[in-house]
Every structure is written in C-alpha cells, then in structure tokens.
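Reader: I've got a few minutes before my next spin finishes. Could you talk me through this one?

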Amino acid sequence: MRVLLIWPRNERALLSDRLSCCEPLPLEYLGGALRGHHDVTIHDLRLDAPLADYAATHEPPDLVGVAIPYTTSVRVSREVSREARRLWPDVPIVLGGHHPTVSAEWLDGFAADWVVAGEGGAPLNRLAADLEAGRTPQTGVGLAPYDSRTGLERDRRPRPAALNDLPMPDRSLLAHHRQDYFHSIYRPVSLIRFTAGCPYTCKFCSLWRMTDRRYLVKDIDRVLAEIDDIEGQNLYVVDDEAFIQPARMLELADAIDKAGFRKRFHMYIRTDTALRRPDVIARWAEIGLDSVLVGAESMTDDELSGYRKGTDADQTRRALDLFHTNQVKVRANFIVQPNWVGEDFARLGRTIEELQVDMPSFSVLTPLPGTDLYDESRDQHISDDPELFDCYHSLFPTKLPLEDFYHRLADLLAGASARPAPGVASGQDPSVFYYSDNSAFDEMLSGIRLAAGPGRDREPERVPSTG
Ligand code: B12
Ligand code: SF4
C-alpha cells in the first residue's frame, strides 16, 4: 500500500527551521520498517509543498502517518491531520512521535484513527499489513485506536528491548533533501543513533523514563553499516548520552578508524562521563569528534542537586578544559530558573565568559511531559498551552515581571552570540548560538522579548471539534 508519512512545520517555533532543520530520522526508521512491503513517501512540510499541492499531483495514499515530534507540535500536527482528512476523507490516519509516546494530553481534536506510542516501526508495519489484508487491525502493545488511546503512552507502550532489532533507517526516502538539512555549523548534516536511554535520573528529563533507565546499544557492525549508508561528512549523533560504556566507545572508535570513515561527529555527553575516561575523549577527538553537547545546567551545586543531575560545577569546569585540550568544541546548555532575579542572569553571563563556552545555550526550566518535574508540578503551571513547552517560555510563575524575565533571557542569548564563533571564518556574521547567517537569530530574540507581550498572551488551548 501507499503510505504517506508527514513531518509538520511549526511556523511559530522560536527555534525556527532557519536556525536548525534536521532530517526526520524517526520517519526514516519507519520507512526502514516498511521497506519491501509498502511504498513509502516522506513529506517534510518544512521543505516540501503544502499538502493540498501534493494531493493535486499525486495518487491518494492508502495510509497517512502524522508525526507529533514535540509537545510544541501538537497544534500544527492537529492541523495537518485535519487537512489530510479533508483531502483524503476515506484514508486511515495514524499518529506517532515523541509527544504521544510520553503523554496523552492535548491529543483531542485530531482527525485520526490510530495512535502509536514508542518505537513505531513494528506497530506501523502490523497496522499497514492488517489494513491491506482487510483485517481489523490488532491493537495491543504500541498501537491503539485513536478513541481508546488513554494509557497507551504509559501502560501499553513497548519498552524497546534491543536496538539491533530495529531495521536500518531508509535514508533513500529523503535523498532529494540531503543538502537541505543542517544543524548549527554542520551543513549538511545527517542524524544517526548509536544507543538509546540513560541510566541517570534528571528530574527535568523524560529520556531515562522511556527506557526505564536501561541503556540500549547497537552492535559495532550495525553502527558501521549505518555510517556507511551516509554520504555526508557531518554526523549529529542523537543518543541521549553517547559515552556511557567507555570500553565499547573505544572499540567503536577503533572500528570507525579502521574502516576509514572520516566524519565530523557532534555528540551528547555528561561532564562526569568525560572526566572518568579522558583517554576515550582523546581517542574520539582523533577520529573526528568535533563538538559535544553537555548539559552543564548550572554552576551552583544547590541547583544541580535540585535537578538530580549528579554532577557538580567543578566537574563542568574540568570537563570544559578536557574538551578544549582535545580541540573539541563545547555546546553547553544552562537552565534558567523562573525564580531568577537580575543578579542570577548576570552571574550566568559572567560564567559563560569565565568558562569560555564555545557555544552556550539556555533553556528555561520546563516541565516537559513524561518527566518527574512535570508530574510534581502539573497544578502549578501558569499556562496550558502546549506550544509553550519549547524551553524558551516559563510555565511557572516568575519572580521578575514576565517582560523583564524574557528581556533578560534574550539579552543572555544576544550576549552569548556576540562572542567569536569557533570554526567559522572571520568576515561572516554567524551567531555563536545557532550560527544563523541570516536574520533568523534576531527574529528568535524578538520572539522571546515579545513572549510576555500582548500578542503572545496565551489563552489555554481551544481544541476545534473534529466535525
Ligand atoms: C535531534 C533532536 C532535535 C533536533 C531536530 C530533530 C529533527 N529531526 O527535526 C533539534 C536540535 C532541531 C531539536 C529541537 C527541539 N527539540 Co529536540 N530532540 C532531538 C533528539 C535529541 C533526537 C530526536 C531523534 O531523532 N530521535 C530518534 C528517533 C528514531 O526516535 P523517536 O522520536 O523515538 O522515533 C520513534 C517513535 O517516536 C515513533 N514515531 C516517531 N514519529 C512517528 C510518526 C508516526 C506516524 C508514527 C506511527 C510513529 C512515529 O517511531 C520512531 C521510530 O521508532 C530528541 C531526544 C530523543 N532521544 O529523541 C530531542 C527531543 C525530541 N527534543 C525536545 C525538545 C523539547 C526540543 C525543542 C522543543 C526545544 C529545544 N529548545 O531544543 C526544539 C523544537 C524545535 C522546533 N522547531 O519545533 C524534547 C521533546 C520533549 C517534548 N515533550 O516536547 C526531546 C525528547 C529531548 C528532551 N530534552 O527531552 N531537537
Ligand atoms: S538529562 Fe542527560 S544525563 Fe540526565 S537523564 Fe536525561 S539524558 Fe540522562
């Protein structure tokens, strides 16, 4: 059957497609699972024509999949589902993605027949096979009818057992967009996953809960096969924490070296993981580790222990030195707390200077669905608008007047981006923050400053009736 998988575009996102636009790896995984059985098309609304234009020039699909990658995507994905139903009234629609995997909230009002939670390949394959054979689809782990979706995200979501069992992502489906995907200084970029899950338990993070703290790894041969499938040089490794198993990472580095791959890697790592095995960092720097993203989160031990981060400020300092000694660039994220006053913002500004963070980034402490923080604080949120779960808005009451808070956040970003950018030729005018060479970064800052203004004064979401 013809399966059309759609990735939404959020024109209101502060972190816009002009600042980062990555390939929809989740849909390539689904494509991999359906390969050989069904005819799959991925329609990326950030780059492709509006759905109505697609419908005017293509045969109707037999099954439509709509991704809800983030909580912030709920509104746009809902609109996509309704447009798909308008264009192809008789075609079944299935939803899936990170948001429905962790939360059943805000899923009303979609035009949909099925919902998938967790790794989507197997349930989608089953659904497509049943629909094609004219059978009533078997629901169960990972798949529910849209109208009985409650609990799917919690009780009936499959716990992934092994990453090797997942099929290879089908990257041929987006070969025509290969040059369009970028992230930060990596243009073009390809996404790849070596592991999933994390054994730590940070309070603001949903990723460890998704695998029940288990750390799932792909075999070295399988990783090599995936790298071999990618032509480009820049690889954004989307593991939750890539270096948890140092011996395996050394083995993988040797294997990558031996295979002759010459790539630039951007990877996520904790500061304590790096410090435990400086030899692993040095070896990865040799084979192409170009930059890391570390969750520094804070330079005060009180805040760090409140987040259950399990690292301390001194480790952050030492890890930055370790990376710099190895010529690895550091993107470090810091959490901005809603209860901050002017001095706290000023302190963070000074910290960035002092630490010489190459690419600082800032997230407002956000109770993302599926986290312990969310569960503990649900009744304290000042808004029920899913679009505000973007890490640039506060869902908690702020100590400063809201306008002041957002101005200071924007000032932090502006100050950080005015610093010289590593790895970028002088004469260009990139922002350190996301390396935008156009007005996109300035627009993001204006958006943040306006966040408290009249235009963005959000009412709780009103869900349209399915009609
Ligand atoms: C890479 C990444 C990004 C990239 C872009 C990704 C892209 N392709 O466009 C960038 C850096 C741009 C980004 C931005 C943001 N991100 Co981000 N990102 C990730 C990351 C690290 C990896 C995503 C990925 O590729 N995973 C690998 C795939 C294979 O996994 P998967 O999503 O689980 O897919 C499976 C299932 O979900 C299912 N499935 C998925 N889609 C569909 C669709 C259908 C129809 C079906 C049936 C099934 C299905 O099947 C898939 C295959 O098995 C995740 C963390 C994570 N571990 O997932 C965070 C994550 C998704 N991001 C997150 C957030 C918050 C954001 C931002 C909102 C905030 C921010 N400031 O960073 C922005 C939003 C940007 C925007 N414009 O809207 C959160 C989402 C939490 C939430 N509840 O919303 C995550 C989970 C990280 C976290 N901190 O918890 N992100
Ligand atoms: S924030 Fe990082 S270290 Fe903490 S639980 Fe999530 S993935 Fe693990």
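Author: First, some vocabulary: helices (H or I, at least four residues) and strands (E, at least two) are DSSP runs, numbered from the N terminus. Residues count from 1 along each chain as its sequence is written, while chains are lettered from A and ligands numbered from 1 in the order in which they are written. This is a predicted model, where local features need pLDDT of at least 70, side-chain atom pairs count only at pLDDT 80 or more, and totals for chains, interfaces and linings use all residues.

Reader: OK. How far apart do the C-alpha centres of domain 1 and domain 2 lie?

Author: The chain splits into domain 1 (2-153) and domain 2 (163-449), with bounds from an automatic or database domain assignment. Their C-alpha centres are separated by 26 Å.

Reader: And how many residues does each of the two put into the contact?

Author: Residues are in contact here if their C-beta atoms, placed from the backbone, lie within 7 Å. On that basis domain 2 gives 37 residues, and domain 1 gives 33 residues.

Reader: Which element supplies the largest share of the side of domain 1 that touches domain 2?

Author: Several elements supply at least two residues each, among them strand 3 (39-44) and helix 3 (74-87). The largest share is six residues, and that comes from helix 1.

Reader: Let's zoom in on Leu-27. Is Leu-27 buried or exposed?

Author: Leu-27 is part of helix 1, and leaving aside neighbours within four places in sequence, Leu-27 contacts Leu-5, Trp-7, Ile-42 and Ala-67. A residue is buried if 20 or more other C-beta atoms (placed from the backbone) lie within 10 Å of its own, exposed if 12 or fewer, and partly exposed in between. Leu-27 has 27 such neighbours, so Leu-27 is buried.

Reader: Any odd backbone? Which residues does a cis peptide bond join?

Author: Look in the loop between strand 8 (182-183) and strand 9 (190-192), where Pro-188 is found. With omega about -10°, the cis bond joins Arg-187 and Pro-188.

Reader: Gln-327 has a positive phi. Is Gln-327 buried or exposed?

Author: Gln-327 sits in the loop between helix 12 (313-325) and strand 15 (329-336), with phi about 60° although it's not a glycine. Just 10 C-beta neighbours fall inside 10 Å, so Gln-327 counts as exposed.

Reader: What about Cys-391: buried or exposed?

Author: Cys-391 lies in the loop between helix 14 (372-377) and helix 15 (402-417), and has a positive phi near 70°. Because 20 other C-beta atoms are within 10 Å, Cys-391 is buried.
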